[in-house]
There are 2 protein chains.
Amino acid sequence: MPNNQFKKGELYSFITGKASIAIARRLQKKFNASGLQLTIEQWSVLYHLWKDDGKSQQDLCNATFRDKPSITRLVDNLEKLELVKRVPSEADRRINKIYLTQQALKLQEQTMAMAEETLNEALEGVPPEHVDLCKEVLQQVYDNLK
Amino acid sequence: MPNNQFKKGELYSFITGKASIAIARRLQKKFNASGLQLTIEQWSVLYHLWKDDGKSQQDLCNATFRDKPSITRLVDNLEKLELVKRVPSEADRRINKIYLTQQALKLQEQTMAMAEETLNEALEGVPPEHVDLCKEVLQQVYDNLK
DNA sequence: GGCATACGGTTGTTTAAACAACCATTCCAA
DNA sequence: TTGGAATGGTTGTTTAAACAACCGTATGCC
């Protein structure tokens with residue numbers, strides 16, 4: 001017998017992830033309000049490159065939890081915006097390494113500040129220990145299903 | 001000073017909602033494996049109609065946290081699948097009331113069972129009281145931002 | 001060396017989301 | 001009562017996700 005039974009009224013909200021959608025929308029609005037022509041999905045790719053530039057597209061698939069075609073097209077669009085450049089790997093010619101442009105490096109500080117601000121607004125009034133526990137639950141869910 | 005400060009490494013996972021994406025993908029796979037030609041988004045509309053048939057499109061917008069064009073197109077596709085019918089309201093001719101077909105009523109039991117199964121898989125090993133607290137946090141986040 | 005297999009990436013197609021612009025109906029207030 | 005605002009819904013456009021099919025390169029085994 002499973003250890004968690006659901007009342008039907010609770011079921012839906014867990015599947016749809018309204019909270020993370022709301023966070024993403026809020027962050028997108030901040031980008032738009034600042035005149036940044038950047039989608040959250042594009043930002044999420046830059047985010048991982050700021051941490052570790054020169055990742056392959058496959059690395060970005062793993063990091064962002066997206067499939068290969070999704071990353072191909074996100075990189076396409078980021079290249080059009082001149083925020084990243086595909087550089088074929090010398091060692092393995094199948095691989096594209098993705099590098100940030102100067103323009104993209106300049107966006108890091110501003111957009112990360114907006115992301116932190118958004119999270120602070122989202123978690124207003126939530127005790128930090130509850131946040132930690134919530135993160136653990138969501139991580140466990142992810143691990144259970146991936 | 002905000003009551004929650006984020007280390008950068010933790011920030012991304014909260015924004016992307018990997019857990020709910022993983023849940024939705026798992027449920028979609030169950031639909032596909034059962035031969036159901038039904039997307040999660042379409043299912044989410046049916047879900048609210050099973051609870052309360054004859055909702056307007058605007059009601060569905062509020063219930064599903066989607067905008068009007070999204071619901072227009074979801075209802076378009078559900079009508080093509082002959083799972084719902086638009087019925088213009090007698091009282092207010094701007095309004096379409098959306099009614100389930102017999103075919104859609106038959107899907108309820110099967111798909112709700114799959115949804116509950118998916119959630120039980122997702123929350124395997126998570127103490128019920130942690131689930132409750134997690135739901136509260138996510139609800140608070142949603143309320144903070146909506 | 002040669003061939004099957006795996007891997008990294010791209011392309012095509014369908015579905016959906018966000019946003020702006022639009023139309024018809026209804027409501028309200030001067 | 002009529003003209004403007006609000007409401008419910010649709011359409012157009014861009015971006016993205018999922019899935020299948022595909023191509024070129026690398027790997028490993030005989």
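In this predicted model, the largest nonpolar core has 92 residues. The residues with the most contacts inside this core are A:Leu38, A:Trp43 and A:Leu46, together with B:Leu38, B:Trp43 and B:Leu46. The surroundings of B:Leu46 were examined with its neighbours within four places in sequence left aside. On that count, B:Leu46 is in contact with B:Leu38, B:Leu78, B:Leu83, B:Val84, B:Leu100, B:Ala104 and B:Leu107. B:Leu38 is thus named both as a contact of B:Leu46 and among the residues with the most contacts inside the core.

A buried position in chain A was also considered. A:Leu74 is part of helix α5 of chain A, which covers residues 68-80. The relative accessibility of A:Leu74 is 12%, so this residue counts as buried, the cut-off being under 20%. When residues up to four places away in sequence are not counted, A:Leu74 touches A:Glu41, A:Gln42, A:Val45 and A:Arg66. Between A:Leu74 and A:Lys18 there are 24 Å in space, C-alpha to C-alpha, and the two are 56 residues apart in sequence.

The relation between the two chains was then described by superposition. A turn of 180° with a shift of 0.0 Å along the axis lays chain B on chain A, with an RMSD of 0.0 Å. The two copies are therefore related as by a two-fold rotation axis. Both copies use the same surface, since 100% of the contact residues of chain B recur in chain A. Within chain B, the residue that comes closest to the rotation axis is B:Cys134, whose C-alpha lies at 2.4 Å.

B:Leu133 is located in helix α7 of chain B, residues 128-145. With a relative accessibility of 18%, B:Leu133 counts as buried because this value falls under 20%. Residues up to four places away in sequence being left out, B:Leu133 touches A:His130 and A:Leu133.

Contacts between the chains also involve a pair of helices. Helix α7 of chain A (residues 128-145) packs against helix α2 of chain B (residues 18-33) at an angle of about 35°, and their axes are 8 Å apart. This crossing of α7(A) and α2(B) is left-handed. On the α7(A) side, the residues that meet α2(B) are A:Leu138, A:Val141, A:Tyr142, A:Asn144 and A:Leu145. Their partners in α2(B) are B:Lys18, B:Ala19, B:Ala22, B:Ile23 and B:Arg26. By class, seven residues in the contact of α7(A) with α2(B) are nonpolar, one is polar and two are charged.

Notes. Residues numbered from 1 in each chain as written. Chains lettered and ligands numbered in written order. Predicted model: local features only at pLDDT ≥ 70, side-chain atom pairs only at ≥ 80, totals over all residues. Heavy atoms only, no water. Axes fitted to C-alpha atoms, helices over the stretch in contact; angles between N-to-C directions. Helix = DSSP H or I, 4+ residues; strand = E, 2+ residues; numbered from the N terminus. Left-handed = near helix turned anticlockwise from the far one by under 90°. Contact = heavy atoms within 4.5 Å. Nonpolar A, V, L, I, M, F, W, Y, C, P; charged D, E, K, R; others polar. Buried < 20%, exposed > 50% of the residue type's maximum accessible area, 1.4 Å probe, protein only. Least-squares fit on C-alpha atoms with pLDDT ≥ 70 in both. Core = buried A, V, L, I, M, F, W, Y, C linked by side-chain atoms within 4.5 Å.
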